[in-house]
Each structure stands twice: as C-alpha cells, then as structure tokens.
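Hello,

Here is the structure I said I would pass on. My notes on how some of its helices pack follow below.

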Amino acid sequence: MSDVAPYPNDLAACHALLEEQDSANEKLASKVASLEEEVELLKRYVYGRRSERYVEDMKRRQLVLFDRNEGEHPEEASEDQDSEDQTDLEPLPRRKPRRKPVGEKFPKHLPRQVTEVDVPEHERQCSCCGETMPVIDYDEREVPDFIPAKLIVKVTRYAKRACPKCKGGVVSPPPQDESGQPPGPVKGGQYGFGVYAQVIVGKIADHLPLYRQEDVFARAGMPIARTSQFNMLAASAAIMSPLIDFMIARLLATSILGVDDTTVRLQDPSIPGQMRTARFWLYRGREDAPYNLFEFHDSRGRDGPAAFLEPFRGWATVDAYGVNDGIYLGSEGRIRASCCNSHARRKFIEARLNDPRRAAYALSIYRQLYDIEDRAREFSDAERLELRQAESMPLLRDFRLWLEKQRDDHHVLPKSSIAKAIGYTLNQWDELSAFTTHGGLPMDNNDTERELRRLTIGRKNWLFVGSQNGGEVAAKLYSVVSSAARHHLDLWAYVNDVLRRLVGGETDYEGLLPDRWKETHPESVRSYRDLEQAERAQRTKERRQRRRALQSKLGR
C-alpha cells in the first residue's frame, strides 16, 4: 500500500478540497442542465411542432399570477366553475361557407369536351305510334379531367414576293410575329415567352430544380436541357432589371421597411467539391411599397446591406444579431433600428425548460402586448401610437424593472437560457421598444420572415447555388416572383406579360408593378387566396376574442 493518504489530514485542507469539489459539481450540474435543454430543443426541432403559439393554462391560471388581487389563489376557482365560464361564452357568429350556384359546378371559361350518349336504337321508337322519338333535352354530368401541359411549335411563315417578269429582287416582311414583337425574349432565341415564363415559375415559385424541369418538359413532349433553362433565367433577369430597379427606388423612398437574411450553400470553384456559406437578403416594403427585393452576397458582411440601403432614410425592422448593427450603426442617423420582439419572445420560449416560472411571466407580458397590437390592427398610425403609449408603455416599464431584478438575482445562473433571454432583451431594449414611439412601426419582423420563407422552402429542393452569377440571377427573379405572389397573382400570366412588354420596349414600369398590374388584370388574381387569408384572419380574431372574454370572466 502507498504511504500517501488519499485525502489530506488537515481540517482546513479538507474544507478547501470539499469546496473545490462542490464548485466542480456545480459547474457540471449547470453543464448537464444546459445540455439537457439543448437535447430537448433539438428533439422539439426534429420531432415536435415548430409553432411558437403559446397557450396559457386557463384552469390554474399559472401564468397570470402577477395580475391577481392580493390573497387570491388560483386553486379557488374549481374546475366546474371554469367549465361553466367557458360554456357561458356566446360563440361569435361564423361566416357560412360560400356555396356554388346550382348548374355552375365548374368555371365557365374551362373548355368543354362534349360526348353525347343516346339510348339504344331499338328504344328510340314510340311504343304507341312507332315514330322515332326526337331528342327533347339532355341531362348533363360534368367531370373535370386533366390533360398534361404540352409544348406547341408556333410556325410563322414570312411571305416572299418577287416579280417573275422583271426579276428585280425579293421582298419579305421583317421577322416579327403578329403582335409586332420579336418572336422571343432573346434575339435569335429558340424558345418563346411561354417557355421562359414556365422555367421561371417552375424554378422560383414551384421550387423545381432545373433537372426536374427537364422531366416536366419531357412529359410535355420535348426535354429542355438544364443549360438552356439557366440561360433563359439569366436572360429574363437581365430583361426585368429595369422593373426591379424601379421597385427598389420605390422601396427606398419609403420610411419603414423590414430586413432579414438566410444562408445558402454556394459552390466555390477555388475549393472543388466543397461549399461555403452565402446569403440572400430580403428587404420588404410595407403598404406604400408592397414589394419584396432580394439581394445575394457571398458573405454576411455589412457591406452588402449598407450599400443597398445607402439612399434609405427611415426605420429598418431587423433582428438583433450583430451583423444587423451594420444596417443602422455608422449610418449617421439616416437609419434607425426597430428590433423584432418575436426574436426576444422566442428566447423565453426556449427558456421554459430551464425556468418555467420566469419564462411564463415574460411570455404573459408578451401575450398582453400582442393583444394590444391585435386591437390596434385596423387603427391609423396616430390612433395606434396613442394606444401603445397608453397601454403598452406601462407594461414595458414594469417588464424592464422585472428583467433588471432577475438579472441581478444570484439564483439566475449567468449561462442559463433564462439569463441569456433576459440579457438579450435588456441589451436590445431601446430597439425592441421603438414601436411605442411610432405608430407605423410593426412590433416584430414576422411579415418579413414569412416572405423569406418563399426562398427557404425552395432551398430544401435545389440545395445550393452553383455560382455567384447564379445567386444574383436568382435574387432578381425572386424579387419579381415573390412580389407577385404577395399579391396573389397568376404568376405565369404575370411573368409572361411582363417579359413580353419589356422586350417590346415598354417603359411604363408603374403599370408593371404587381399591385398596379393586379388592378388592370382582375382575371389573373387568385381570389381564393384572398378569401382564405380573410377567413384565416377572421378565425384568429374570433379565437382571441373568446380568450379575452374568458380571461375577463376569470377576473383578469
């Protein structure tokens, strides 16, 4: 046996060793808790619902304890009372689903292929007089069917004329079609406008990689090579550049816009077989410039957004990551930041596993703030600002005091997720509360995130960008197609018309803007999307009204 004792014999040394072990155990416990949170978040990300909707426990009212009167306990309300409160609420009237008129099952503009079915020959004679019975009417049964898209070859014959006697030469018309325009977007090109429009919509709106579109065109009768398709995309982006520049000018002339970005993998020829990270930036205008403008950059540096926004004067709604500091810091006051409260709220959602009580309090504050925003949805900017200053600002003042108190509480571990949520919110406090100083500012950047999702859904299909030029082409086409989709347009009809008119020399870019084009082409508006959006908003409004009524009955 060794003569060295495993533990010191000195009492003070033993105490020091125990303190050292306690400190190590505390660090390990903190690390284990942090790793457990990460595992739970990853499990939720992979297997769970991605929705961030937060539903309060109305039976125990755990998340509204701070609103109770003194001495009141949540257990005092029995389950029977709660169920009575819920059943006593009068349901809001729901809109009846629209029924199609009898006899108009399917749209009239669809072509009809009529097949007549008659009774057998031996049943056509009258049983009384023996004469052949004439057809007096038809019973019709309509069944929609689908014929796959097909390519057609448009043949234009240019007449040649010459005098057979004088032999003075041959005259022929210029190579133009019946509309007086060149036969395609590119001089001497092989394909017509409809093919260009289909390639753009398939790639940008339907998220089809070009190799899949080869199969689509093959089903239509002729495969079109990927290289030819990319050349069409590049040519279309160049044709649409004047319209995109016009949209950018409109956007930058406004005073409020949303900014967001997403990563994408980019092939780098300098490192064969490997990818590096690039970014698409989205600049979303509001009602005074309802367009989505995309930019592609091969890094997340501040140079790209700073250059794009150089003419801009106003508010930029952004997330609070460090790169976005470059959007407004250094702009010498030209651009002011309004940070997204959904990002701050998301931090507390992620902290529920770490500290349910504190996270519940913070989420309750956000629930009340969003309720105020919901009530002000139809207000003017001045009315909305008045409501925010009257109701939102007192909530925010109390919330900040609570955050500062929790930050200084020694029970809140500095590296815990709840401490990170508190620190994130306090560090961005001025920008997060900026919406209380301007009635037109949104409380979050959710609208911009939703528009950016049009690109991120496609990213799951086409996986990467092949080159810098490819990313720039995609950004231009996403700007046009995403802006049109935002207005629920028939994308193929819009892109096809824009290409034709721009190639034909159109300079009235005002009339080509998606919101203006929508007014002059009502037949190309997807009205069912407008209806779906209105019904979804109505259901959300009714759900929130029922919840508020229930909370009022429970004594909030």
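Helix 8 and helix 9 are roughly antiparallel to each other, a label used for angles over 145 degrees. The model is predicted, so local features need pLDDT of at least 70 and side-chain atom pairs count only at pLDDT 80 or more, while totals for chains, interfaces and linings use all residues. Residues are numbered from 1 along each chain as its sequence is written, and side-chain values use heavy atoms, without hydrogens and water.

Helix 8 covers residues 341-350 and helix 9 residues 356-375; they pack at about 150 degrees, with axes 9 Å apart. (Helices are DSSP runs of H or I, at least four residues, numbered from the N terminus; axes are lines fitted to C-alpha atoms over the stretch in contact, and angles run from 0 to 180 degrees between N-to-C directions.) Helix 8 passes helix 9 in a left-handed crossing, meaning the near helix is turned anticlockwise from the far one by less than a right angle. On the helix 8 side the contact (heavy atoms within 4.5 Å) includes Arg 345 and Phe 348, and on the helix 9 side Tyr 366 and Tyr 370.

The second pair is helix 5 (residues 226-252) and helix 14 (residues 468-486), at about 55 degrees with axes 8 Å apart. These two are therefore oblique to each other, the term for angles outside the parallel (under 35), antiparallel (over 145) and perpendicular (65 to 115) ranges. Their crossing is left-handed. Among the residues that meet are Phe 230 and Met 240 in helix 5, and Val 473 and Lys 476 in helix 14.

Regards
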